[in-house]
Structures are given as C-alpha cells and as structure tokens.
Amino acid sequence: EKIANEGFSDDAIAATMNTIEFQMREFNTGSFPKGLSFMLGSMSKWIYDESPTDALKFEEPLAELKSKIATSGSQVFQDMIRELLLTNTHRTIIEMKPSKTMEEEQTKDEEDRLKSIKSNMSDEQLDQIIQKTSELKTIQATDDSPEARATIPSLQLSDLKREVTEYPIDVTADENNSGVTVIRHELGSTSGIAYVSLLVDLSMIPLEDVAILQLMTRMLTQTGTSQYDPVALAQRIGTYTGGVGASILTAPVNRDGVDDGIITDCNTMVTKLIIQGKATSDRIDELFALFQAILTDANLDSQSRVIEMLKESKAGMESSIQGSGHSYALQRMRARYTAAGYIDEKMGGISKMETVKNLLDLAENDWPTLLGKLQRIRSTILEHPAARNGMILDMTGDNKVLSTIQPSVEKLLQDLPGEKNDEKLQDFYSEDHPWVTQAHMEMEANAPLMDEGFIVPTQVSYVGKGGRIFDKGDTITGSASVVERFLRTGYLWDHVRVIGGAYGGMCMLAQGS
C-alpha cells in the first residue's frame, strides 16, 4: 500500500528500465542455446492461441511503456499494483506452520495405509504384485534393443565440427608504461557493447584471511561508497551499465613448458579479484568510474549490513547443504589430494560454514577488529609495490567499440591505484603460489585421507567416493572424458538411479585433483 500511494523514485525507474532494455537488446543466454531460448520464449503467447512471434518482439511494448512513464511517471506502476495486487480478489493465501513431528507422522500414515491395503488383498493379488515387481526389475536391467535406440534422434561424429573455434586475443603487457597488462578480444559484432573485467592480484593476502576476502568482495557492490549509499550505487549501476559485479578467481595453471594433458601437482595457480561489467561504448566512462569507486572507495565500515550478509550466507549454506550434499562431498574429497582442492573447499565447502559463524560472532561482538582486517586487505592488494604488475584489464568488443573506448581505457590505466614502477610479482606459472605453501601446512591436520560423515536434517543421504586414478606426470587424453560421460549417463544412471532407486548418481573426472 505504501508503494501504491507513494510510488517509485525517478532514479529507481530509470535504473530498472535501463537494466531491462539492456537485457532485451543484448539477449545474452550464456551457455544456454539461443535457439532454444527463442522457442521457449514464444510459448508464453503461443499456448494461448496468439502469435508466437509476438512474445519475442519487445520494441513496441517497450516504447509504449516508456511513453506512459514519460507522461505519468510512477503512476503506471502504482495503478498496476492496486489492480493486480491490492484489489485483486483472485488470490490464494497459504499459511505454513513448522512441525517437529511431521516426518514421523507422515511415515506412520504411510505405513498404516500400506498395511491396510495389504490386509485387504488376496494371496492372488499379492502374487501379482510380486510378479509385476520382478518383471519391472527385468525390464530395468535389460538394455534397450538397437531398434529402440534407433528411434531416438542423435548426432553422429560426422555431424560435429573437428575444427576448434579460436577467439581472437591481443595481449599488451605494461600498456602505456602503466604496469597493467591489457587483453583485447575483437569480435565481429557486440551490438555496441563493451564487456570489461579488471583483475587484481590477491597472492599477497595470507590464506587465513581468504574468508574475510570473500566477505569484502561481496561488500564492494552492496555497501555503497562515500558518494553513494547502497541504493544509490545500485541505481547508478542500473542506469548507466548492463551490470557490475565482483568475484574471486582461483585457478590452477600448468607450469611453463608442461602440456595441458599432463597431470601436475597443482601447486601453480593464479588468484585474482575480478570486477566485471558491461556498458555501451558511449557510457564506458561511467562504467570505469564505477570500477574505481567500488575498488578504492567501497564503504567497509558497515557493521549492520555485514551482519545481515553473514546471516544470509549462514542460512544459505545450511539450506544448500541439505539440497546439494553431493557437491559438498565432492569438495571434501578433492580437498584431500591437492592444495588447490583444499583452498576451494575452504572457500566454499563445509569448512566455510564454521568460518562464517566465527565471522558473524566477530562482526556482532568485536566489529573494530573485523573492520581493521577488511581495511588491511584492501590496502594490501591496492598499495603493494607490485600491485599494478598483477593487474589485468580484459576487454571484449567489436572493432568500433574497442576504438571508441580507447581514450577512456588510457585514462583508466593512469588512474588505477598502485605505483607505476618496475616491481614484479612472482611467476605464478613456474613457482608455487604462496597460498599453496600455507595450504600444505594445514592439510595434514585438517584434511587427512580418511572417511567421514556429516549429519544434516534431510531425508536424502549423499554419499561420495573418490581417489586418484592418475599420478603426477601421467598423460590424460580426451578418451577419459568419454569414459566419464558414459559412466555418468549410462552405467550409474541405469544401476544406481533406475534399478537402485536412488535420488541420483553421477561422477566426474577432476583433472585439477
């Protein structure tokens, strides 16, 4: 009712409209096939006997909405809220109440119901059920005939391109004596959009501070800056760009001179803070200004918001473990064999749960200490003598876009934090990463080669088993991936899920472990 009466601010409307229009014009489906996206998109009209193409045409309804907003502002949304939500009597209200005995009650009801059904069945009916069950198991265990499999459309090897698609890449180290490496990917057309990522090295941060580093990364875009509060920052991102985000990259890399197919010790890796965003070329200055603001001026002194974020993380992980226990089991297994796997588990596995609880306690009861750690991490990665040597500016766009934004790129390179000097970071492709050295010291105590189990409140049990099948120096070929897929979609599916009745069965070949 408050929104229906007061409406939305002009800035909020502008930011939202720009975000929606950007998404429509870009139509970025990621790894999902665009053709399938078009097909599914057409269904929203087609299933109601309207033209399937109308669901894909957005120019006219978008222009109509813009016209209404120009005329009446927020009123168009206020009227919609009143009509579709507040005064709409076609609604269902569902009230859910927690119960500690629900599972036991459901189990007893099922047992009683089955017992009642069985007691009313004759011996002949029971024998029929036994016979049908036996027939079902026989069918499940029998391979489909070649004739049956031939009825399913499938690709042949001859349908696949043997040529590997290579995307253009141009690397300029220390561009314009800035100390920053610039990478450009020039594509045929990007519809006037520049895709930009700024990578900052994290190797100088101790491994013990990784969890705080993850918290700080999230804060970069969610706590505002000295100039913008969190809402104003989000609106500015929405108004002038197609989105801005921050994340952490930890990636094992092969040592120099070692082919990709060779199994290594996984001790060489790169670790980067990534700030990425996209904008049309005429708004690239706004995008770069936002990069600078969240990297150097994000408000780290935001205790209440940090407590909210940590509580959200804790609740999210508790829920995720119940629904994705197999993923956590995989991380625990990988943590036993390599430092890279151990670090990944520390950053996103069960180990992180305890870390989040400790950070929450620190945020609530000793905020100055946590704030000091956050500030120290930021100053370390930005003020380290070799900070610029570890920075990478990665850009993708068509020729016109890359040419148009070049003056802005040159300005950004000069304005980035850090000193322009000859200081160099270690060669991460030939030397062990500092985190790896620290991880090996922790692994013996925290990640021994032993079986373990975790109790979680769920009716589904997740079981994982893993081990090394290749040793360091062995060569792994593409056929290993074929075997992995066959096991996953063939044997495991048939024997664990179909015949065994399990919730699911899967496997993976983790070359990095």
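This is a short tour of the structure, stop by stop, with something to select at each one.

**Before you start**

The model is predicted, so local features need pLDDT of at least 70, side-chain atom pairs count only at pLDDT 80 or more, and totals for chains, interfaces and linings use all residues. Residues are numbered from 1 along each chain as its sequence is written, and side-chain values use heavy atoms, with hydrogens and water left out.

**Stop 1: the sheet**

Switch to a cartoon view. Helices (H or I, at least four residues) and strands (E, at least two) are DSSP runs, numbered from the N terminus. Six strands make an open sheet. Their order is β1-β2-β6-β3-β5-β4, with mixed pairing. Two strands pair if DSSP finds at least two bridges between them. Select 170–172 for β1 and 244–252 for β4. These are the edge strands, and each pairs on one side only. From one strand to the next, the twist averages 20 degrees. Axes here are lines fitted to C-alpha atoms, for helices over the stretch in contact, and angles run from 0 to 180 degrees between N-to-C directions.

Now select β3, residues 193–201, and β5, residues 269–280. They pair in the antiparallel sense over nine bridges. Which residue of β5 stands opposite Val200? It is Leu273.

Next, select helix α9, residues 210–219. Helix α9 lies across β4 and β5, and runs at about 150 degrees to β4.

**Stop 2: two loops beside the strands**

Select Asp174, in the loop between β1 and β2 (181–187). Its phi is near 50 degrees, a positive value in a residue other than glycine. Asp174 counts as partly exposed, at 36% relative accessibility. The terms run like this: buried means under 20% relative accessible area, exposed over 50%, and partly exposed in between (1.4 Å probe, protein chains only).

Then move to Ser191, in the loop between β2 and β3. Ser191 is not a glycine, yet its phi is positive, about 55 degrees. Is Ser191 buried or exposed? At 59% relative accessibility, Ser191 counts as exposed.

**Stop 3: the cores**

A nonpolar core is a set of buried Ala, Val, Leu, Ile, Met, Phe, Trp, Tyr and Cys residues joined through side-chain atoms within 4.5 Å. The largest one has 81 residues. Select Val196, Leu370, Leu374, Ile381 and Leu393, which touch the most other members. Zoom in on Leu374. Leaving aside neighbours within four places in sequence, Leu374 is in contact (heavy atoms within 4.5 Å) with Ile212, Leu215, Met216, Met219, Leu300 and Trp367.

Apart from the largest core lies another, of seven residues. Select some of its members, including Ile13, Met17, Leu62 and Phe77.

**Stop 4: helix α5 and its cover**

Select α5, residues 75–86. Val76, Phe77, Gln78 and Ile81 are buried in this helix. What covers them? The cover includes α1 (2–6), α2 (10–26) and α4 (59–72).

**Stop 5: Gln235**

Select Gln235 in helix α10, residues 230–240. At 18% relative accessibility, Gln235 counts as buried. Not counting residues up to four places away in sequence, Gln235 touches Ser9, Asp11, Ala12 and Ala15.

**Stop 6: salt bridges**

Side chains of opposite charge can pair when their charged atoms come close. A salt bridge is a side-chain nitrogen of Lys or Arg within 4 Å of a carboxyl oxygen of Asp or Glu. The structure holds 25 of them.

Select Glu59 and Arg25. Their closest N and O atoms are 2.7 Å apart. Glu59 lies in helix α4 and Arg25 in helix α2, so this salt bridge ties together parts that are 34 residues apart in sequence. Glu59 is partly exposed, with a relative accessible area of 43%. Arg25 is also partly exposed, at 41%. Add Glu21 and Lys66 to the selection: Glu21, Arg25, Glu59 and Lys66 are linked in a network of salt bridges.

Now try a pair within one helix. Lys108 and Asp112 meet in a salt bridge (2.8 Å, N to O). They are four residues apart in helix α6 (residues 102–119), so about one helical turn separates them. An α-helix has 3.6 residues a turn, so residues three or four places apart point the same way.

End in helix α12, residues 303–323. Lys314 and Glu318 lie here, four residues apart, about one turn of the helix. Their salt bridge has its closest N and O atoms 2.9 Å apart.
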